[in-house]
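This briefing addresses the strand pairing and the nonpolar cores of the structure shown here. Please keep the sequence at hand while reading.

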Amino acid sequence: MPYPDDRQYADTHEWHKRDGDTLTLGLTQHAVDSLTDITYVEMKGIGESLDPGDSVGEVESVKTTSDVYCACAGEIVEVNERLADDPGLLNSDPHGEGWLIKVKITDDSGLSGLVDAGTYESEHAS
């Protein structure tokens with residue numbers, strides 16, 4: 001299964017991996033496959049506050065530009081700076097080294113609307 005089961009998935013094709021009060025956010029393989037070659041990644045900066053459903057930045061590909069959303073409220077505490085120099089990490093390893101941001105969670109109620117890996121995969125099988 002291409003979707004790790006240690007995280008939850010949004011209809012907007014982001015994965016959310018919780019570790020205590022920190023959430024790591026990234027794009028799913030389905031999103032990356034749909035975008036094709038990712039050429040640019042721009043996320044909001046460290047210290048930015050988020051409400052559930054807020055856009056945290058955007059990803060550009062040869063086909064389109066897509067917003068990226070976070071399901072919980074919190075504050076951005078880390079941005080994957082490697083993507084600035086190598087946005088292709090998203091294409092090669094979207095569930096690993098291609099993570100986008102880390103958020104210190106202040107309200108996790110939005111996470112209840114996410115689905116597990118099996119449900120996401122069955123809804124978005126290629």
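The points below cover the sheet, the strand pairs and the nonpolar cores. The model is predicted. Its open sheet consists of 6 strands, and its largest nonpolar core has 28 residues.

**Sheet order**
- The open sheet runs in the order E1-E2-E3-E9-E8-E5, with antiparallel pairing.
- Strand E1 (8-9) and E5 are the edge strands, each of them pairing on one side only.

**Strand pairs**
- At one edge, E1 and strand E2 (residues 14-19) are joined in the antiparallel sense by 2 bridges; here Gln-8 is opposite His-16 in E2.
- Between E8 and E9 there are 6 bridges, again antiparallel, and Gly-74 has Ile-105 in E9 as its bridge partner.
- Strand E5 (residues 49-50) pairs with E8 over 2 bridges in the antiparallel sense, with Glu-75 in E8 as the bridge partner of Ser-49.

**Nonpolar cores**
- Within the largest nonpolar core, Leu-27, Met-43, Leu-100 and Ile-101 have the most contacts.
- At least two residues of this core come from each of strand E3 (22-27), helix H1 (29-35), strand E4 (38-43), strand E6 (55-61), strand E8 (73-79), helix H3 (89-92) and strand E9 (101-107).
- Another core, of 7 residues, lies apart from the largest one and includes Tyr-9, Trp-99, Val-115 and Tyr-120.

**Surroundings of Leu-27**
- Beyond its neighbours within four places in sequence, Leu-27 is in contact with residues including His-13, Glu-14, Trp-15, Val-32, Leu-35 and Val-59.
- Other contacts of Leu-27 include Val-68, Leu-90, Pro-94, His-95 and Leu-100.

Note on methods. Residues numbered from 1 in each chain as written. Predicted model: local features only at pLDDT ≥ 70, side-chain atom pairs only at ≥ 80, totals over all residues. Heavy atoms only, no water. Core = buried A, V, L, I, M, F, W, Y, C linked by side-chain atoms within 4.5 Å. Buried < 20%, exposed > 50% of the residue type's maximum accessible area, 1.4 Å probe, protein only. Helix = DSSP H or I, 4+ residues; strand = E, 2+ residues; numbered from the N terminus. Contact = heavy atoms within 4.5 Å. Pairing = 2+ DSSP bridges.
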